[in-house]
Each structure stands twice: as structure tokens, then as C-alpha cells.
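Grab a pencil and work through these exercises with the model open beside you. Each task comes with a solution in small steps.

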Amino acid sequence: MDEREMYDEINALLGAVAKALDVSEMDVVTAIEQGRLALEMKTDAEGRNFVAAECDGKSAHIYPGAIFRPDDRPSATDLADEADDGCGGGCSCGY
């Protein structure tokens, strides 16, 4: 086990940012070193906490267990499925 403070948490965040921005973890580290990556802790309108990540024109909101990008929009099929399962929003499905 690594004795560095919050090592696992920082590793998890780097991995989530890489996945959210569709880049490698090394690209995330390089962007941090070059000052190109902006991370901000925020709360959405429903009171859920997330990390807003932005780098080189790409952005994403990283929630525990979910990633949302500005271009993520539910399709008509997704909306029909949502109506079928009774989802009223506020969960991790993104609607």
C-alpha cells in the first residue's frame, strides 16, 4: 500500500478525467503540468456534487459513477425507455 496521502483518490480522479475527456492518463498529467486543465468542484441544480473538467476545448461533468459531456443528449429512444421505467430524474441515468 502506498503511504502517500490521498494517492488512491487522486489516481481515481486522474482516471475519471482521462475517461471523461477521452484522452490518456498521461495526457491529463501533461495538461496539468502545462496549466491547460481546469478542474472545479461544483453542485448542480439538484444539489448533486460533481467535478467540472475542461481542457483544450473539451469539457465534462464528473459525478460519482457517471460522466456527462455538453454534447450528451438523450435520444428519442432513450426518452421512450425512460418513460417506460418510470424514471423521474435525479438518479444516475442522466435524465
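**Exercise 1.** Find the residue in strand 2 that stands opposite K42, and describe how strand 1 and strand 2 pair.

*Solution.* Keep in mind that you're looking at a predicted model.
- Step 1: Go to K42 and look across to strand 2; the residue facing K42 there is F50.
- Step 2: Now take in both strands. Strand 1 covers residues 37-43 and strand 2 covers residues 49-55, and seven bridges hold them in an antiparallel pairing.
- Step 3: Follow the chain from one to the other. The two strands make a hairpin with five residues between them, and in the turn G47 has a positive phi of about 85°.

**Exercise 2.** Work out whether D44 is buried or exposed, and list what D44 touches.

*Solution.*
- Step 1: Place the residue. D44 sits in the loop between strand 1 and strand 2.
- Step 2: Check the area. The relative accessible area of D44 is 15%, and buried means under 20%, so D44 counts as buried.
- Step 3: Look for partners. Leaving out residues up to four places away in sequence, D44 touches F50 and Y63.
- Step 4: Zoom in on the side chain, which reaches the backbone nitrogen of E46 at 3.0 Å.

**Exercise 3.** Do the same for T43: is T43 buried or partly exposed?

*Solution.*
- Step 1: T43 belongs to strand 1.
- Step 2: The relative accessible area here is 48%, so T43 is partly exposed.
- Step 3: Not counting residues up to four places away in sequence, T43 touches R48, N49 and F50. With N49 there's a side-chain to side-chain polar contact of 3.0 Å.
- Step 4: Try a longer jump along the chain. Y63 is 20 residues from T43, and their C-alpha atoms are 9.9 Å apart.

**Exercise 4.** Sketch the sheet: what is the order of its strands, and which are the edge strands?

*Solution.*
- Step 1: Draw four strands in the order 1-2-3-4; the sheet is open and the pairing antiparallel.
- Step 2: Mark the edges. Strand 1 and strand 4 (66-68) each pair on one side only, which makes them the edge strands.
- Step 3: Add the twist, which averages 25° from one strand to the next.
- Step 4: Lay helix 1 (residues 7-21) on the sheet. Helix 1 touches strand 1, strand 2, strand 3 and strand 4, and its direction makes about 130° with that of strand 3.
- Step 5: Fill in a middle pair. Strand 2 and strand 3 (residues 58-63) run antiparallel, joined by five bridges; A53 has A60 in strand 3 as its bridge partner.

**Exercise 5.** Find out how many residues the largest nonpolar core has and which element gives the largest share.

*Solution.*
- Step 1: The core has 13 residues, and V17, L21, V28, L37, C55 and I62 have the most contacts inside it.
- Step 2: Elements giving two or more residues are helix 1, helix 2 (25-33), strand 2 and strand 3.
- Step 3: Helix 1 gives the largest share, with five residues.
- Step 4: Pick C55 for a closer look. Apart from neighbours within four places in sequence, C55 contacts L21, A31, R36 and L37.

**Exercise 6.** Step back: in what order do the elements of the chain run?

*Solution.*
- Step 1: Count three helices and four strands.
- Step 2: Read from the N terminus: α-α-β-β-β-β-α.
- Step 3: Finish with burial: of the 95 residues, 22% are buried.

Terms used. Residues numbered from 1 in each chain as written. Predicted model: local features only at pLDDT ≥ 70, side-chain atom pairs only at ≥ 80, totals over all residues. Heavy atoms only, no water. Pairing = 2+ DSSP bridges. Buried < 20%, exposed > 50% of the residue type's maximum accessible area, 1.4 Å probe, protein only. Polar contact = N/O pair within 3.5 Å; in protein donor to acceptor, adjacent residues only side chain to side chain. Contact = heavy atoms within 4.5 Å. Axes fitted to C-alpha atoms, helices over the stretch in contact; angles between N-to-C directions. Core = buried A, V, L, I, M, F, W, Y, C linked by side-chain atoms within 4.5 Å.
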